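Got your viewer open and your selection tool ready? Let's take a walk through this model, one stop at a time.

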Amino acid sequence: MKARVVERFKFEAAHAVIINGKPEQIHGHTFRLEVAVEGELRRGYVIDFLELRRLVGEVIGKLDHGNLNELFDNPTTENVALWIAEEVEKRLPDGVRLKRIVLWEGDENGVEFEF
């Protein structure tokens, strides 16, 4: 039987998205992240919550309180979310797959990817 495990996170970061070739004013957000992983139940669980929190924490730790323009050519919420997804996927144990990621830029604007 498969199950999904969902964890929520938040981090602070600044960025200046490039729109029509011109960067907007640099500004900061509280980003909220939701990560859902899926796998077979083994020993009663898919992945320990603490393990998932640790490995996602390694990823977002590279972003927290940083300037996203130093890491991305164009730090749109979409680009940041896809990068997080790739980095999380690399760290997941065998048999556990990333199924969904939602990244909110502040309280109103977000992007969701399903895999």
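Before we start, one bit of vocabulary for a stop later on: strands here are runs of at least two residues that DSSP labels E, numbered from the N terminus, and two of them pair if DSSP finds at least two bridges between them. Keep in mind, too, that you're looking at a predicted model.

**Stop 1: the sheet**

Select the strands and colour each one separately. You'll find 5 strands forming an open sheet, in the order β5-β1-β4-β6-β7, with mixed pairing. Now look at the edges: β5 (66-67) and β7 (109-114) each have a single partner strand, so one side of each has no neighbour in the sheet.

**Stop 2: β1 and β4**

Next, select residues 2-15, which are β1, and residues 27-40, which are β4. The two pair in the antiparallel sense, over 14 bridges. Want to see individual partners? Click on F9 and look across to L33 in β4, its bridge partner. Then try R8, whose bridge partner in β4 is E34.

Stay here and show the side chains of F11 and F31. How are these two rings arranged, with their planes at 10 degrees? Their centres are 5.1 Å apart, and with planes under 30 degrees apart counting as stacked, the pair is stacked. The two rings bring together distant parts of the chain: F11 belongs to strand β1 and F31 to strand β4, 20 residues apart. By the rule used here, the model has 3 aromatic pairs.

**Stop 3: the helices**

Now select residues 49-60. That's helix α1, lying across β1 and β4 and running at about 30 degrees to β1. Then add residues 77-91 for helix α2, which packs on the sheet and touches β1, β4, β6 (96-105) and β7. The direction of α2 makes about 155 degrees with that of β6.

How do two packed helices get described? By the angle between their axes and the distance between the axes. For α1 and α2, the axes come within 9 Å and cross at roughly 140 degrees. The two helices are therefore oblique to each other, and their crossing is right-handed.

Which residues meet there? Show side chains for L55, V56, E58, V59 and I60 in α1, then for W83, I84, E87, V88 and R91 in α2. Colour this contact by residue type and you get 7 nonpolar, no polar and 3 charged.

**Stop 4: β6 and its neighbours**

Back to the sheet. Select β4 and β6 together: they run antiparallel and are joined by 9 bridges. One spot to click is A36, whose bridge partner in β6 is R100.

On to β6 and β7, also antiparallel, with 6 bridges joining them. This hairpin has 3 residues between the strands, and G106 takes a positive phi near 75 degrees.

**Stop 5: F113**

Finish by selecting F113, which sits in strand β7. This residue is the bridge partner of I101. What else does F113 contact, leaving aside neighbours within four places in sequence? The list is E78, A81, L82, K99, R100 and I101. As a last click, draw a C-alpha to C-alpha distance from F113 to L103: they're 10 residues apart in sequence and 8.9 Å apart in space.

Definitions and conventions:
Residues are numbered from 1 along each chain as its sequence is written. This is a predicted model: local features need pLDDT of at least 70, side-chain atom pairs count only at pLDDT 80 or more; totals for chains, interfaces and linings use all residues. Side-chain values use heavy atoms; hydrogens and water are left out. Helices (H or I, at least four residues) and strands (E, at least two) are DSSP runs, numbered from the N terminus. Contact means heavy atoms within 4.5 Å. Axes are lines fitted to C-alpha atoms, for helices over the stretch in contact, and angles run from 0 to 180 degrees between N-to-C directions. Angles under 35 degrees count as roughly parallel, over 145 as roughly antiparallel, 65 to 115 as roughly perpendicular and the rest as oblique. A crossing is left-handed if the near helix is turned anticlockwise from the far one by less than a right angle, and right-handed if clockwise. Ala, Val, Leu, Ile, Met, Phe, Trp, Tyr, Cys and Pro count as nonpolar, Asp, Glu, Lys and Arg as charged, and the others, Gly among them, as polar. Rings of Phe, Tyr and Trp (its six-membered ring) pair if their centres lie within 6.5 Å; planes under 30 degrees apart count as stacked, over 60 as edge-to-face and the rest as tilted.
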